[in-house]
Structure formats: structure tokens, C-alpha cells
4 protein chains.
Amino acid sequence: MIQVGIVGGTGYTGVELLRLLAMHPGVKVAVVTSRAEKGLRVDAVYPNLRGFNGLCFVAPIIENLTACDVVFFATPNATAMHMAKDLLAAGIKIVDLSADFRLKDVSVWQQWYGATHVCPELLEQAVYGLPETNREAIKKASLIANPGCYPTATQLGFLPLIKSNVIDTSMLISDAKSGVSGAGRSASVVGLMSESGESFKAYGVPGHRHLPEISQELEHVSATPVSLTFTPHLVPMIRGIHATLYAPLKDSSVDLQDLFETFYADEPFVDVLPAGAHPDTGDVRGTNRCQIAVHQPQDGGVVTVLSVIDNLVKGASGQAIHNMNIMFGLDELSGLNHVGLYP
Amino acid sequence: MIQVGIVGGTGYTGVELLRLLAMHPGVKVAVVTSRAEKGLRVDAVYPNLRGFNGLCFVAPIIENLTACDVVFFATPNATAMHMAKDLLAAGIKIVDLSADFRLKDVSVWQQWYGATHVCPELLEQAVYGLPETNREAIKKASLIANPGCYPTATQLGFLPLIKSNVIDTSMLISDAKSGVSGAGRSASVVGLMSESGESFKAYGVPGHRHLPEISQELEHVSATPVSLTFTPHLVPMIRGIHATLYAPLKDSSVDLQDLFETFYADEPFVDVLPAGAHPDTGDVRGTNRCQIAVHQPQDGGVVTVLSVIDNLVKGASGQAIHNMNIMFGLDELSGLNHVGLYP
Amino acid sequence: MIQVGIVGGTGYTGVELLRLLAMHPGVKVAVVTSRAEKGLRVDAVYPNLRGFNGLCFVAPIIENLTACDVVFFATPNATAMHMAKDLLAAGIKIVDLSADFRLKDVSVWQQWYGATHVCPELLEQAVYGLPETNREAIKKASLIANPGCYPTATQLGFLPLIKSNVIDTSMLISDAKSGVSGAGRSASVVGLMSESGESFKAYGVPGHRHLPEISQELEHVSATPVSLTFTPHLVPMIRGIHATLYAPLKDSSVDLQDLFETFYADEPFVDVLPAGAHPDTGDVRGTNRCQIAVHQPQDGGVVTVLSVIDNLVKGASGQAIHNMNIMFGLDELSGLNHVGLYP
Amino acid sequence: MIQVGIVGGTGYTGVELLRLLAMHPGVKVAVVTSRAEKGLRVDAVYPNLRGFNGLCFVAPIIENLTACDVVFFATPNATAMHMAKDLLAAGIKIVDLSADFRLKDVSVWQQWYGATHVCPELLEQAVYGLPETNREAIKKASLIANPGCYPTATQLGFLPLIKSNVIDTSMLISDAKSGVSGAGRSASVVGLMSESGESFKAYGVPGHRHLPEISQELEHVSATPVSLTFTPHLVPMIRGIHATLYAPLKDSSVDLQDLFETFYADEPFVDVLPAGAHPDTGDVRGTNRCQIAVHQPQDGGVVTVLSVIDNLVKGASGQAIHNMNIMFGLDELSGLNHVGLYP
């Protein structure tokens, strides 16, 4: 059994790791840390875990994690970077669900995250944990930068188009919509149901931290420079991301359906829907699956891709476990083969 | 007092007309028709109207409407066209909330609405009832084609940009999101809360009836051909539309905030928010107001417009009453000067 | 025009006062205070008020309120009591939406609210502002203790039964359900949509502050001692309270429908629904109306009353304005005659 | 592998059986019937099942079911009774999720369900499938009447109190609240999100079909006659039931917490929460678990029990699988050991 530690066990990605790992046959959650809830039983804070997890939260210090094979960071940004070096030195693998190791250019990271990076030397070895593009590197990685939720949904939609060079990458648009759990489990006014229920709004239109992450990764695979307009929106639901992607087609006669089906034929967690379909976030609720449909409205010059994930699973904790499965040579589906909770 | 008739009083736009007109000082609702509910008290079907409306539903026949000054059609498409000629001949003004008179080209109408138009000769005289563009024509009109909900939100966002010729109209995108009341009050599986709650999805991506309506109207005011990609989505909330609009800027140095503020300076129902704002559908709930913000993300080559309305008010019944106010020379704000129901 | 001051203008009852008073023909909101938002424009915080309120928040000090005819306190508990005496001395009437003056017994107040009452001498003169029971006293009052939301819905349901002495008051049950806006507009984890959406739970079962308030008022009108079990629940919606009330009938042959209709025949804001009806919180959304239905299931020995209100209107700000209307001799419906926002 | 047939695979209990059985290690779903969708792929109707179920719907006739070891009926009432005799004669076990075999008195059944029962002779042998009371009988049963959702939540809350004879059973109250999925997946107006979202209401107050079912079962275990008032309500959420139960205590000094913990000590799917807790439907979402808390407000004479389940799992399909596990001698937790989907 792989011994797992979770640092930051009281946010939504933390409790989602706990939910998924409780049903994973190959791992044992050995340690869960929380600065705020230290000493409390995990299942006293999260009654959904009663009977599945008898641990108590402990302090987030290296000493509590040394028996782990792998540590997940489900922490706010600029936290994992303070513990990463010591853990790696102790031979412990890391999957960081925060943004600390996602951007290769430290100055860009510092600009968007407003902090000084304490271990820029690790950025080089960190592997961006999108299995659909980096599977081989993930197998050998010690430090995984688990992708953001919007970047996951957006990249999976654009990748087949960019890699096959059928779109003009100078005017990409990702109009993305997220459920409120993406904002995390911190006390706030804006997150109150009275504020975010029965309402819809965009946010971060002038600039959002996921923009440089998406751009960096798309640039890696693109033959031409990428210019992306990214607009996140808040949907009055708890889980789910729907990215609606637009790009000008270079050649409007390409068989887009075939392109997508071929591209993802062997991917266990990307499901290309039949032609004409409209994916629904509700069908992937609680699962590590991305469902995608590709359209060419009016047979015109614009391709529209619809890409849905559960932001807490494929957009965070499920993808983190997928990365762990790959790192440790487990069946990729292990602990992740759930049917979406519909309705 | 203006005598009002409402044909089709049992759908959401019908009951919204009843709600708004009950608080309108200058009109009296004299007749409400419903084929299905004929004979029933209106407030037995809609308990929110108890004490405000003592009428019973009557059959939708001309004889029941002859004492009216104006008749609103809150009916399914292809209904108003069967009664319009007789009503006009009787000197009764018409505001049609359905799509029967919105498209000038009858062949386009027949293609998208799948029916034969029975009075194409009226299309010429019908005035498209978007007050912000057609106020003078509305004053003299007898037959108003009240705009669709998505077209209202989309046009109000694009108009200042197109009229001032600052965008490339060959790649317009309207990524629009609507609350579920837009689908109407008919029994359906897809509209069940179990289906549309806690979920988000696009629909009609290959083609939606509001596309030709928007294109027709934008073409009217554009110096260059308009090519629009329009994607409607369903949001798990009841009321509200949020249109997120994208266009390439011809000149990225134009003062977009000033452009919008100037354009709408005298409009009572369009509210341009301060620079940097993100409008929220919840702030216009129950009102005839459109709140708009304009952004130029990263000072780049794409303009992003955020436009929100209440689909049942500015997107339907409120705009219909606004048109009536203009047609009858009433104060435009009459009966429509409500504060948004927040939270 | 009556000059109004609002102390605590940034909570939900404050902004609801602003919404309703903006549409009230007989008053002018002259002052809005907020310690936290001092100096900010009111409509910068609440964009739904743009065009209706050009004021800026000022500090909550007596000097800012001396020109007012009436001051509403939309503050947390234990705030109004610090300013009440000075305002009354200045001849300014007070409507306190908090709990400071609701309980006549200061020791009970101090037990439930965990504070020392600084002006217990005012408790005697404070009038409990439930117009349906205290209209005459309200007319002459200077200090109104505006009822709580649950107490309003519960009392209006029990009053006809208790005053006519047809139930056994020793086992009353109020199983009450509230939308989340009842918890106010303060940053919290429990109020996050991720926590309170798609979920239903009771809270405060061992004891809730509204219990002594309800008991006190029902005891006033009851011939026999009142023993009440009160269970509040949180509903995943924003506005609305539904109280389901149970009591053993002393005589199961009484005509309950007639009893309720007669009791409320002259009340402008209590609407007894026809026999067999089930009131829906959605039908009173945004209004000052209480809709009630009374049932005797299986013609048995228990009466079940269903009572719905909008917690922010009849349960708070609307009732406060109703009290103001009565105090100042205005038409009771003034500014409150809205149709429920359905759907 | 147990061969399973599902009759009525297109309602919510049907698709929930498919979801849960897809993750059950000991069974194979061999047949899924649907009159309306015959010939269609199951995963074309339910995209959440893509990759898990390659079957097509077939007609609901005996010939299609003869290879099954067990058949689940996820059908409307008055359907299973037409096929039950033939299936049993063929040696096939039946778990009926509808109400056809729940009531022992055929005249009561016919009164509440408005139909003539075609096989009253089977009522005697049908076992009411509440494992917590009937485990031994279920082991030997061929025909299981799977309990209703409200009855499950209500009985589990009252059973410890009634069996230990600590309450007065002459005034029991079950104030129960259900998510909208309980109304099923049939086109309707009342189920539209525009109707049931942002609203709360009771229904069926004069009488609901689950009342005789609950009464029958509680009478079985009660030393004294049971008189129950049952009020169902509709909550604007998809899944979950919260039953709030009230009863007068005969002796207010009994240790209720200990009573409940002892009573359910060995039950795998009933989780008694610590003293003072308030269960949340969100914590059991997607699971077969009932979480219960017991309170004695103000140490008074009334006991309040809070009982939550997922109506589609413990209230329907999960309990049906639990019954199957018991009938076939499988581990009771098999296929049902999920962690609640929080948030």
C-alpha cells in the first residue's frame, strides 16, 4: 500500500482527495495536516467521511510526513514551495495541487501570484501533470505541478486542434464557466449562496492567473504564437467547469469529429462525444472524466469546442491521483473509475 | 387608462406582463386569454397575483379583444400571425413577444421556424422593437416585433462598437448564458430541476433561431458584413441572461469606456457600469435594465463586452411594455422603474 | 416627505430597506450609515440601486441622524440599544429590526443574546411591531421592536387558533424552513453556496433565539400556557420562510378555513388561501405578504398550518416599513404593494 | 456473477441502479428494459454511463428476462404486479422499487393507489425490504417490496423510540422534506426548475401515499396504536430527504443518545451522529447511508429526531441493492461502500 500524506486537508481539494483515496484500493492515507484543525478528527469536520477515515489532523510539518511515499499539497498558493525541497530530499514524491510549480518562468509566476518564489530551482524538474500530454515525463517525475481546473478543460479542448495545426492560434477564446467550489472553502461574502445563487457573472476579465498557465502549455505544442482571451465566469452550481472554446479554422473542410476521436482514442479519462452532442457538467459530476464535443457551426470558419469536467476531480484531486497512479505504476483507472452522479 | 389584452396569459412572459402591468399606473388589463385555462381565475393559476387581478381567462378569439387599445401576444411562435391582420384592421395596436414578425426575409423565417408565414405582407410594416435603435419608428408603429432575449443582450453589447466602426465584424462571438425560464412553462423532461439544476451545458450550437435575428439587426447598422458565432447555454438559475461578447478591435487605442458611456447616455434602461466592473444578472433581476461593462483584456486586440438582462423583463415583457409606453406617448419609465431584487 | 435614516445599510435587511424605500412615494432616504463602507457610494456597493440612490455611507453617529424623522436599525443585535435613548430624546422615532427590544424580560434577553442590555428601561415602552396584533399600539409608538422572521411566520399561523382557543397549547410545534439570506451578509464558511447549496439541514435544535420571542408573544394571547418546540432549517434558496405548524385540536369539528378567513379578513398583508391549498414561498418573493393555508389531515385531531413569507420583507424590512406607515399615518400599503416575483 | 435485469430503466431509480450496479463487483446487468426507448443504447440516453454500459434498451417482456437471477422493478406503480407471478414462477427473484407489494391490506392499497391489484395473493409472501427490521426474512425472500423514500427516513428515526416504548405514539409527527428527484423523470410543469427552484412548499398535506405505509410498519413494532401526521415538502435541491420527527416522551429522563447508538450499533448503513449534531443531506449524497441525530430540546417533553438519506439510494436503488446483497448472501456493503459526494 502506498502511504499518502495530504497537506492542507480542510479545503475542497483536500477533502476530495480524502473521498477518492478512501475508495482507492492501492493506497493508505497515513497523514492529514491542517494548521487550523490540528487535533480534531477528520470525520468530525467532514461527516461524509465517518467510517472511512479515523485520522486526526496534525500540524503541517516535515516530521509528520516522513513515512509517506507521496505527499499531496492541497494548500493555498505559495505554501508547497516552502516544504518541497525537504520532502524531495527525503525521497518523498510530491503532487502539488496549487500553482507553485506550474509556470516555468519564475518572473511570470511572481507577477501573477504576487510572491517571491523560494525554490525557483525546482521549476525545471517539476512536471506539468496533464497526463494527456506529459504521461512519459510523469512516470519519471518526483514533483508534479498538478494543472489548474480551467487550464485542464481549456487545454484538452484546444490540444487536438493545435497539434494538428488546423486553427489560427492568434485569436483563441476560452469562455469558461465554473461552479462555486472552485473558489474554495474560505469564509467570504462573495461566496455566500445569497450572492452567488440565482446569479451569473464573469470575473477576472482583465486578467486571471490561469491565463499564463494555459498560454505556456499551448505554446509548447503550437507551431505558431498563441494569443488567448480567457474569460472565467461563476455558475450557481457547486461542481463543474464548462469551457466553450472558439478558434478560426485555417481549413474549414477538416473532419473535426474524426480528429478528436483519433486524438483521444487511448485516453481513459477523455471521452469525445458523438457528433452534434452538447456535454453537460452533470454527467461528469464526481468523476475524473472530461467529456468533449466539437462543432463547426453553420459549416463556417469557426470551430467551437465544448469541454466539461468536474473541477474538483479532473480539475484537481482526481487528476492528482491519476498522476500518482502513473508515477507509481498503478493502473491509471485505479480509484478513479466512478460513474457520474446523475441526476 | 389604456385597455390591454394579453393573448397567451399562461406562459412566463404572459404572467410577467400581468405582474408588471398590475403595477403600471396608466393601463388596465381588460382581457387575458388562454386556450387551456379558459374559465379559470387568473389568480387561481398564479397565486402571486391574488388581490391584483380578478379576471378569468377567456378564449383567444378576436371577439374577446375588440375593446382593447393594444394586444400583447405572449404566445408560441406562429400564433400571432393568425390574428394580427384582423386586430390591426380593428385599429388595435399589437406588441408581439414571439418571433412572427422579427425577420424581414420571409424565406429565412420559414427556414428557421419551420412553418409557412400566413401574412408576410405585414413584415414590412412591423417595427423591430428595440427602443435603443428604433425609438422613432416605434412611436408611429402599429405592430411591434418585440426582440428575443438573447438578441437584446447581444445587440446592446455590440451596437456601440459596430456603429462606431471600431471592430472587425467578420469574427463576432456571442457566448450567451440564460436562466431556465427562457425555455418557457411547458412540461418537459429537459426543464426538470433534476436535469437543469447543478448542471451547465450549451445547446443549439449548430444553429439557434436567434442567430438570424441578431445578424439581421447588426447588419442594419454595420458598414461591413457581419459574421457571428452564437452559442447559447443553460444556467441553473431561473432568471437572467449574461452575454459575453468578443470581437477583434481594429484600433486598440480607442477609449471603449467613453464610447459606451456616450452611446447610452440618454437611454433610461441601459446602464454602463464603471470601468473594470463585472455585471451580475442578480442586480437586474425583475427589472427592465441592461447593465453593461466593456473590457480590453491585457490591453490587447480583443474587446470583451459583458451584458446582462433579466430575460423575462428587458428580454421580453418589460421591453414589450417599454414599447407600449413609447407607442402611446407615456413616460418611458412608467410601470418599469423597479429596483433589482437583490439578493 | 418623511426623512429616513438607516443605520447598518450594508446587510441584507439594510439593502432591502433601500430597495423598498426607493419605490415608496412618501419618504426620502436621507442618511445611510455603515462603519465599514463609510465614504463609499451606496450604489457602488449595491449596483441594483444605481440610479435610485446617490448617497454615500456615513458613520453611524447620532450627529448624522438628527435631521431624520425615523431611523431604522438594520444592525446586528446589541447595537441599536446603544443609540436608542439619544435618538428618542431628539424626538426621532425608531424601528429596530434587530432583537434588542423584542423581549420584555431583560434577564431572558441577556440569557439568549449573551450581552448586558444597556437600556432595559426602554423595554416597557417598546412596541412589538406585529401589526396584525398591535396596530393600535404601533400608531402611538416611538420605538418599534420589529419581529424576527421565524416569529412572524409562526405567530401569524398560530394566532387564529390560539385566540379562538381551539387548540391544546401544551404541544405546539413549529417546523420552520428559511432561505439562506436569513443568515445575513457576513463572510462565513457555512453560508458558502458550496456548503448550503444542494443540501438541507436543521440547526439550533437544542435552542434558538426566536423561541423565547415566539413563546412570549403567544403567551400574551393564550388562555393557557404555551409549550412550543421550534426547529429551524436551512433551505438551499435565497429568500423565503415556510413554517409548518402543528397543534392538537381540542375540538376537531371546528371550521378552520372559516376561522382563518374571518380572522384575517381586514389584514392587507395576510392572505388566507382557499381550502386545500399549499402556499409556495416563491409566490410571495419580494413582497410583504404572508400566505397561509390551514389543513386538518385525515379530518383527525391535529391541525397543520402552512405559513409562508419573504424573510427579508414581511420577515424584516417590509414589516418595518409597514410599521413606519402606521406610525406616520400613511396608507398601510404605501410602498409595499408589490406583486410577487414569480417565477 | 449474478445476472440482473432492470425493468423501467429510464427513470431516476432505474439509472441510479445502473450507476450503482456498474460499480458492484458481484453482478452483471444483463437486461435493461424501456418501453419508450426500446432499441436505443443506454449510454446514449445517459451519457454518464458511457464506457460502463454497452446495452440497448429492450421491451419489458418476460421473454427478455428469463436468464436473470433477479429483476429490479424501477417502474411506476401498478406495473410490477403484472409481471411478478410469471417471474417468480420462473425462479427469478424480484426487488420491486414501486409500491405494488408494500401494503399488506389490499383494500388500503387500492384506496391509495387507485387501481385494482392483480395479484393480492402475493402480498402475503412479499417481504418489506427494510433490512434494519426484516433482515432475516429478506434472506429467505423471493419478492421484496422495497420501501418508499419518506418511509425509510421516517421509520429509521422512529424505530428505536417505538421499540423501546419511550414515546407516546398517539401524536407522532413526520415533517419530511425531499429533493425534486423524488418526483421522478417525467415531463411536468410543476417539476420545472422555474417552478421548483428558489421555492419551498408542502404538498399532499391532506394525505400522501406514504402515510399508510409508514403507519403499517410502525404499528408492527409498536405496543400502542400509532397516529401519525405526515407532511411532505419539496426542497429546491436534487437529491436528499430530511425527516424531522417529533413525539411526546413518556419519560423525559431516558438517555436518548445511548438508546440510538445501541439500537443501530451493528447496522452498516445507519450512522448515529454524536450528541448535538445536525445531519446534512449533503453528507450522504450518492450513498446508501442514513445519518441520524436525536435531540431533546430544552430537556423538555418532546423528542426531535433528524434523519437524512439520499432518496435515490437509501430511499430507493441503494436499498434495493442492499436487499439483493442479503438475498444472495453477498457482503452487505458490496457495491454500496461509497463516500458521500461533498461538497
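Hi everyone, let me start right inside one of the subunits: B:Ile94 stands opposite B:Leu143 in strand E6 of chain B. Before I go on, please keep in mind that this is a predicted model.

So, what surrounds that pair? B:Ile94 belongs to strand E4 of chain B, residues 93-96. E4(B) pairs with E6(B), residues 143-145, in the parallel sense, and 3 bridges hold that pairing. E4(B) also has strand E3 of chain B, residues 70-73, as a partner, again parallel, this time over 4 bridges. In that pairing, B:Val70 is the residue opposite B:Lys93. To get from E3(B) to E4(B), the chain passes through helix H3, residues 84-89, in a β-α-β crossover that is right-handed.

Now, are the faces of E4(B) covered or open? Both are covered. In a regular strand, side chains alternate between the two faces of the sheet. Here B:Lys93 and B:Val95 sit on one side, B:Ile94 and B:Asp96 on the other, and all of them are buried. Yes, that list includes a lysine and an aspartate, so to speak, for those of you following along on the screen.

Let me switch to chain A and another sheet. This one is open, has 7 strands with mixed pairing, and runs in the order E8-E9-E7-E10-E13-E12-E11. Which strands stand at the edges? They are E8(A), residues 201-202, and E11(A), residues 270-272; each has a single partner strand, so one side of each is left without a neighbour in the sheet. For E11(A), the partner is E12(A), residues 290-295, joined in parallel by 3 bridges. If you want to find that spot in your viewer, look for A:Val270 opposite A:Cys290. There is a helix on this sheet too: H8 of chain A, residues 210-221, packs on it and touches strands E7(A) and E9(A). The direction of H8(A) makes about 135° with that of E9(A).

On to how the chains are arranged. Chain B superposes on chain A by a rotation of 180° with 0.0 Å of shift along the axis, at an RMSD of 0.0 Å. The two copies are thus related as by a two-fold rotation axis. Which residue of chain B comes closest to that axis? B:Pro236 does, with its C-alpha at 3.1 Å.

What does the contact between B and A look like? It takes 39 residues from chain B and 39 residues from chain A. On the chain B side, several elements supply at least two residues each, among them strand E7, helix H7 and strand E13. E10(B) gives the most, with 4 residues. By type, the chain B side divides into 18 nonpolar, 15 polar and 6 charged residues. And 100% of the interface residues of chain B are also interface residues in chain A, so the copies meet through the same surface.

Chain C also superposes on chain A by a rotation of 180°, with 0.0 Å of shift along the axis and an RMSD of 0.0 Å. Here too the same surface serves both copies, as 100% of the contact residues of chain C recur in chain A. This contact takes 16 residues from chain C and 16 residues from chain A. On the chain C side, helix H7, residues 193-196, gives the most, with 3 residues. That side divides into 8 nonpolar, 6 polar and 2 charged residues.

That's my tour, thanks for listening!

Terms used. Residues are numbered from 1 along each chain as its sequence is written. Chains are lettered from A and ligands numbered from 1 in the order in which they are written. This is a predicted model: local features need pLDDT of at least 70, side-chain atom pairs count only at pLDDT 80 or more; totals for chains, interfaces and linings use all residues. Copies are superposed by least squares on the C-alpha atoms of residues with pLDDT of at least 70 in both. Two residues are in contact if their C-beta atoms, placed from the backbone, lie within 7 Å. Ala, Val, Leu, Ile, Met, Phe, Trp, Tyr, Cys and Pro count as nonpolar, Asp, Glu, Lys and Arg as charged, and the others, Gly among them, as polar. A residue is buried if 20 or more other C-beta atoms lie within 10 Å of its own, exposed if 12 or fewer, and partly exposed in between; C-beta atoms are placed from the backbone. Two strands pair if DSSP finds at least two bridges between them. A crossover is right-handed if, with the strands pointing away from the viewer, the path from the first strand over the helix to the second runs clockwise. Axes are lines fitted to C-alpha atoms, for helices over the stretch in contact, and angles run from 0 to 180 degrees between N-to-C directions.
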